[in-house]
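The following exercises concern cysteine pairing, helix packing and charged pairs. Each task is followed by a solution in steps.

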Amino acid sequence: MLCRKCIKKIYAPSITDGAYKIYHYGKYEYPLSKIITEFKYHSHPKIANTFGELLSKWFLSLNFPELSYSVSYVPSNYLSKYEKGFTPAKLIAESFSQLLGFPLIQLFESKAFRRQAQLNVKERTKNMKNKIKLTGTPTPYLIIIDDVYTTGSTMNEIENLVKNKCEILVCLTVARTIHR
């Protein structure tokens, strides 16, 4: 779906350090931000396959140990799922897991009522505090997929839920917002 030139333009890997490292494929800026907007807000869920392919190839290039990973994803809140008709991170995770042969498991549910995209940093943290619920049993080797990493509020909540339950936790996002 993307030409080699476009793939080269959007590839700008970075890592966020914290309790666990979060690996970001690109920066949330043009043209990647435009592609993500089309995917999430203009009914182009098939772009998830492209993102899944990019993340899977990148994951393999990072040389993580070859283990029996399971894949899960960051959940959307009810309003976002209702408006879009899908959970963006889930579609990307489905593609990623199929390409690599890893099982996809639903581990999380969002109890947040407000959409993160409409909130500032302080509001995002408050909105997510204790709003992600663990609904399954994490596996020892787990990969979490998300589309966009903005403040880290959601990923921090997820990491707190699984931190003592996984031997290896790999967090991958398509893009990281760059705060200027």
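A disulfide is a pair of cysteine sulfur atoms within 2.5 Å. The model is predicted, so local features need pLDDT of at least 70 and side-chain atom pairs pLDDT 80 or more, while totals for chains, interfaces and linings use all residues. Residues are numbered from 1 along each chain as its sequence is written, and side-chain values use heavy atoms, without hydrogens and water.

**Exercise 1.** Determine how many disulfides the whole structure has.

Solution. A search of the whole structure yields zero disulfides. For C3, the nearest cysteine sulfur belongs to C6 and is 3.3 Å away. For C166, the closest cysteine sulfur is in C171 at 9.1 Å, which is too far for a bond.

**Exercise 2.** Classify the packing of helices α2 and α3.

Solution. Helices are DSSP runs (H or I, at least four residues), as strands are (E, at least two), numbered from the N terminus. Helix α2 spans residues 32–41 and helix α3 residues 47–61; their angle is about 135°, with axes being lines fitted to C-alpha atoms over the stretch in contact and angles running from 0 to 180 degrees between N-to-C directions. Oblique covers angles that are not under 35 degrees, over 145 or from 65 to 115. Helix α2 is therefore oblique to α3.

**Exercise 3.** Which parts does the salt bridge of K40 with D147 tie together?

Solution. A salt bridge places a side-chain nitrogen of Lys or Arg within 4 Å of a carboxyl oxygen of Asp or Glu. In the K40–D147 pair, the closest N and O atoms are 2.9 Å apart. K40 lies in helix α2 and D147 in strand β6, so the bridge ties together parts 107 residues apart in sequence.
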